[in-house]
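Student: I would like to learn how to read a model feature by feature, starting from the record and going on to empty space and side-chain contacts. Could you take me through one case?

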Amino acid sequence: MLADIIVLSNVNNRMSSRVHISVYNFLRFTHFLPQFAFVFCLIITIFKDMKKSTKTHCKVPNVFPSMSAIIAGFEPQRFVWRMSFALTSVPRYFIAYLQLQRLLNRSHIAYRDFYRWVQLINSLIHTVELTFLLQLTYISSNENKRMHEYGFIGFTLCSLIHMLGTILIDYYWPRTKKICLNERERACRRKRLKWFLCNFVSLTISSYFFYRHNRFCEPFIYSAYCLCEYFVILTNIGYHSIIRDEWDQTDGQVHNCNALFFLRQTKQNMSVS
């Protein structure tokens, strides 16, 4: 049975209303909206601002716009992208907190005190990653190039460290007894490793093309960089969307009361092997 997110709101301190949303649908919304915004902005940019968005400092021909041009260079793309993150940024922090609680309640974990600190640090890295992503979204390279670059570097490093740390902990952290994973848990492990490797390879190749573009200014090399950049974004979203499968039978509630949000993760019926 899927868990429910319960949203409570007080009206004049006399009435209350509830809205029940399945956690699965909540997670789908959080991960689908950025994908939709990306595809929408890319299509609009190609058909509406193709010439301006593919222009580079060395004036060589290109066929794909960069992420910076897609999400911040033109309107209405900038508004759509920023609105999508305005709607999903707070839920992303909520999800990170609930996932941390889920991991801390895993059974048969050896060195539990040390494990707790490792998970807290890994979760903190993920929170910093989300913050750098917000910085990238709301401070474009046209507005403040240095801050945008710092945001990109910080987001990239924190993303890779968090993904790799999660995989290493999941695969190699010692247990007090042998645990047999079910098919869903094994599938989640495979997906997480696959998305991480795709993300790392895409980032490595994009860095190579970015270097070649700035060093030699060859035709269409910047387009190759942009294409790899798309894969970096999509594989990052794909990696974090795996949580939908992991939370299949997890009970969670989000309460909104007098505009203050509280989170509660119940410990019953949790899949935390």
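Tutor: We will go through annotated spans, internal space, the disulfide and the salt bridges in turn, keeping in mind that this is a predicted model.

Student: Where does the record place the feature "transmembrane region"?

Tutor: The UniProt entry, which is unreviewed, places that feature at residues 26-47, 114-138, 150-173 and 193-211. Two of these spans can be checked against the model: residues 114-138 are 100% helix and 0% strand, with end C-alpha atoms 37 Å apart, and residues 193-211 are likewise 100% helix and 0% strand, with 27 Å between the end C-alpha atoms.

Student: How should I think about empty space, and how many cavities of 30 Å³ or more does the structure hold?

Tutor: The general idea is that rolling a probe the size of a water molecule over the atoms shows where empty space is left. Here the structure holds five cavities of 30 Å³ or more, and the largest cavity has a volume of about 400 Å³.

Student: Which residues lie nearest the centre of the largest cavity, and which helix gives the largest share of its lining?

Tutor: The lining of the largest cavity has 23 residues, and those nearest its centre are Gln99, His126, His162, His240 and Ile243. At least two lining residues come from each of helix H1 (23-48), helix H4 (77-104), helix H5 (112-138), helix H6 (145-172), helix H8 (221-241) and helix H9 (243-246), and H4 gives the largest share, six residues. By class, the lining of the largest cavity divides into eight nonpolar, ten polar and five charged residues.

Student: What is the volume of the largest pocket, and which residues line it closest to the centre?

Tutor: The largest pocket holds about 1,100 Å³ of space. Its lining has 41 residues, of which Ser66, Ser68, Tyr222, Tyr225 and Glu229 are the closest to its centre. H2, H3, H4, H5, H6, H7 and H8 each supply at least two residues of the lining of this pocket, and that lining divides into 19 nonpolar, 16 polar and six charged residues.

Student: Let us turn to the cysteines. Which cysteine is joined to cysteine 58 in a disulfide?

Tutor: A disulfide is a covalent bond between the sulfur atoms of two cysteines. A search of the whole structure finds one disulfide, and it joins cysteine 58 to cysteine 217 with an S to S distance of 1.8 Å. The pair links distant parts of the chain, 159 residues apart, with cysteine 58 in the loop between helix H2 (50-53) and helix H3 (67-72) and cysteine 217 in the loop between helix H7 (183-216) and H8.

Student: Why is the disulfide of cysteine 58 and cysteine 217 called left-handed?

Tutor: The torsion about the S-S bond is about -115°, and the disulfide is therefore left-handed.

Student: Is cysteine 158 buried or exposed, and what about cysteine 180?

Tutor: Cysteine 158 has a relative accessibility of 13%, so it counts as buried, whereas cysteine 180, with a relative accessible area of 68%, is exposed. Cysteine 58 is partly exposed, because its relative accessible area is 24%.

Student: How many salt bridges does a search of the whole structure find?

Tutor: Side chains of opposite charge can pair when their charged atoms come close. In this structure the search finds ten salt bridges. One of them pairs glutamate 143 with arginine 82, the closest N and O atoms being 3.5 Å apart. This pair links distant parts of the chain, 61 residues apart: glutamate 143 is in the loop between H5 and H6, and arginine 82 is in helix H4. Glutamate 143 is exposed at a relative accessible area of 51%, while arginine 82 counts as buried at 16% relative accessibility.

Student: Which residue meets aspartate 170 in a salt bridge, and which one pairs with lysine 191?

Tutor: Aspartate 170 meets arginine 189 in a salt bridge (3.2 Å, N to O). Because aspartate 170 lies in helix H6 and arginine 189 in helix H7, the pair ties together parts that are 19 residues apart in sequence. Both aspartate 170 and arginine 189 are buried. Lysine 191 forms a salt bridge with aspartate 245, with the closest N and O atoms 3.1 Å apart. Lysine 191 lies in helix H7 and aspartate 245 in helix H9, so this pair ties together parts that are 54 residues apart in sequence. Lysine 191 is partly exposed, with a relative accessible area of 34%, and aspartate 245 counts as partly exposed at 24% relative accessibility. Finally, salt bridges that share partners join Arg106, Asp170 and Arg189 into one network.

Notes. Residues numbered from 1 in each chain as written. Predicted model: local features only at pLDDT ≥ 70, side-chain atom pairs only at ≥ 80, totals over all residues. Heavy atoms only, no water. UniProt positions renumbered as here; feature names shortened; annotations may be inferred. Helix = DSSP H or I, 4+ residues; strand = E, 2+ residues; numbered from the N terminus. 1 Å grid on protein atoms, 1.4 Å probe; cavity = no way out; pocket = protein on both sides within 12 Å on 5 of 7 lines; lining within 4 Å. Points joined across faces, edges and corners; volume = space filled by probe spheres on them. Nonpolar A, V, L, I, M, F, W, Y, C, P; charged D, E, K, R; others polar. Disulfide = S-S within 2.5 Å. Buried < 20%, exposed > 50% of the residue type's maximum accessible area, 1.4 Å probe, protein only. Salt bridge = Lys/Arg side-chain N within 4 Å of Asp/Glu carboxyl O.
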